[in-house]
Amino acid sequence: MFINFSNHPSEAWEKAQLNAAMEYGEVIDIPFPAVNPYSNKEEIYKICEEYVAKIMNLNPSCVLCQGEFCVAYGVISALKKFGVKVVAACSERKSVERKVGDNVEKTSSFSFVQFREYE
């Protein structure tokens, strides 16, 4: 099982990313929580503890973890201690700039390349 612990639902992923995730089995989305910027260390720890328990109850083969940095760090660290493979999605950014009057508009698109394991 592949757990997508991010705010990017797998139903919106491009085919290459979904296929790479499915190599681990069924893809399950667990939305990354909104984290209050005023949260203290204890509150962050509780969030991490809650989500690590949810994820571990599903017995994943691999977890994509991307979100607010402190919670992501806590969840990644805990999952790795349990021996779970944890990855980030790596994409290639393609930007196009065009001049519109006196302004320059920049449009970016992202193309999935690979999952990279947190070591």
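This passage describes the fold, the nonpolar cores, a helix pair and several individual residues of a predicted model.

The protein chain contains three helices and five strands. Read from the N terminus, its elements follow the order β-α-β-α-β-α-β-β. The C-alpha trace spans about 55 × 40 × 25 Å along its principal axes. The chain has 119 residues, of which 32% count as buried. Among contacts between residues at least 6 apart in sequence, 61% join residues at least 24 apart.

The largest nonpolar core is made up of 20 residues. Within this core, the residues with the most contacts are Phe-5, Ile-55, Val-63, Cys-65, Val-71, Val-75 and Leu-79. Two or more residues each are given to the core by strand β1 (2-5), helix α2 (41-57), strand β3 (62-65) and helix α3 (69-81). Helix α2 provides the largest share, with six residues. Another core, of ten residues, lies apart from the largest one, and Val-27, Leu-64, Val-87 and Phe-115 are among its members.

Leu-79 is one of the residues with the most contacts inside the largest core. When residues up to four places away in sequence are not counted, Leu-79 touches Val-52, Ile-55, Met-56, Val-63, Val-84 and Val-86. Of these partners, Ile-55 and Val-63 are likewise listed among the residues with the most contacts in the core.

Two packed helices are described by the angle between their axes and the distance between the axes. For α2 and α3, the axes come within 9 Å and cross at roughly 45°. Because of this angle, α2 is oblique to α3. The crossing of the two helices is right-handed. On the α2 side, the contact is made by Ile-44, Ile-47, Cys-48, Val-52, Ile-55 and Met-56. On the α3 side, it is made by Cys-70, Val-71, Gly-74, Val-75, Ala-78 and Leu-79. Sorted by type, the residues of this contact comprise eleven nonpolar, one polar and no charged. The polar residue is Gly-74, because Gly is counted with the polar residues.

Two further residues of these helices can be placed relative to the opposite helix. Glu-43 is located in helix α2 and, at 39% relative accessibility, counts as partly exposed. Its C-alpha atom is separated by 9.9 Å from that of Val-71, although the two residues are 28 residues apart along the chain. Tyr-73 lies in helix α3. With a relative accessibility of 61%, Tyr-73 counts as exposed, since the cut-off for that class is over 50%. Tyr-73 and Cys-48 are 25 residues apart in sequence, and 8.9 Å apart in space from C-alpha to C-alpha. Cys-48 belongs to the α2 side of the helix contact.

Strand β3 contains both Cys-62 and Val-63. Cys-62 has 0% relative accessibility and therefore counts as buried. Val-63, also at 0% relative accessibility, counts as buried as well. Leaving aside residues up to four places away in sequence, Cys-62 touches Met-1, Phe-2, Ile-3, Tyr-24, Lys-85 and Val-87. With the sequence neighbours again left out, Val-63 touches Ile-3, Phe-5, Ile-55, Leu-79, Val-84, Lys-85, Val-86 and Val-87. Ile-3, Lys-85 and Val-87 thus appear in the contacts of both residues.

Positions along the chain and in space were also compared for these two strand residues. The C-alpha atoms of Cys-62 and Asn-103 are separated by 44 Å, and the residues are 41 residues apart along the chain. Val-63 and Phe-115 are 52 residues apart along the chain, with their C-alpha atoms separated by 10 Å. Phe-115 is one of the residues of the ten-residue core, whereas Val-63 is listed in the largest core.

The loop between α2 and β3 holds Asn-59. Most residues other than glycine have a negative phi. The phi of Asn-59, however, is near 55°, a positive value in a residue other than glycine. At 63% relative accessibility, Asn-59 counts as exposed. The residue thus lies in the loop that leads to the strand in which Cys-62 is found.

Technical notes. Residues are numbered from 1 along each chain as its sequence is written. This is a predicted model: local features need pLDDT of at least 70, side-chain atom pairs count only at pLDDT 80 or more; totals for chains, interfaces and linings use all residues. Side-chain values use heavy atoms; hydrogens and water are left out. A nonpolar core is a set of buried Ala, Val, Leu, Ile, Met, Phe, Trp, Tyr and Cys residues joined through side-chain atoms within 4.5 Å. Buried means under 20% relative accessible area, exposed over 50%, partly exposed in between (1.4 Å probe, protein chains only). Helices (H or I, at least four residues) and strands (E, at least two) are DSSP runs, numbered from the N terminus. Contact means heavy atoms within 4.5 Å. Axes are lines fitted to C-alpha atoms, for helices over the stretch in contact, and angles run from 0 to 180 degrees between N-to-C directions. Angles under 35 degrees count as roughly parallel, over 145 as roughly antiparallel, 65 to 115 as roughly perpendicular and the rest as oblique. A crossing is left-handed if the near helix is turned anticlockwise from the far one by less than a right angle, and right-handed if clockwise.
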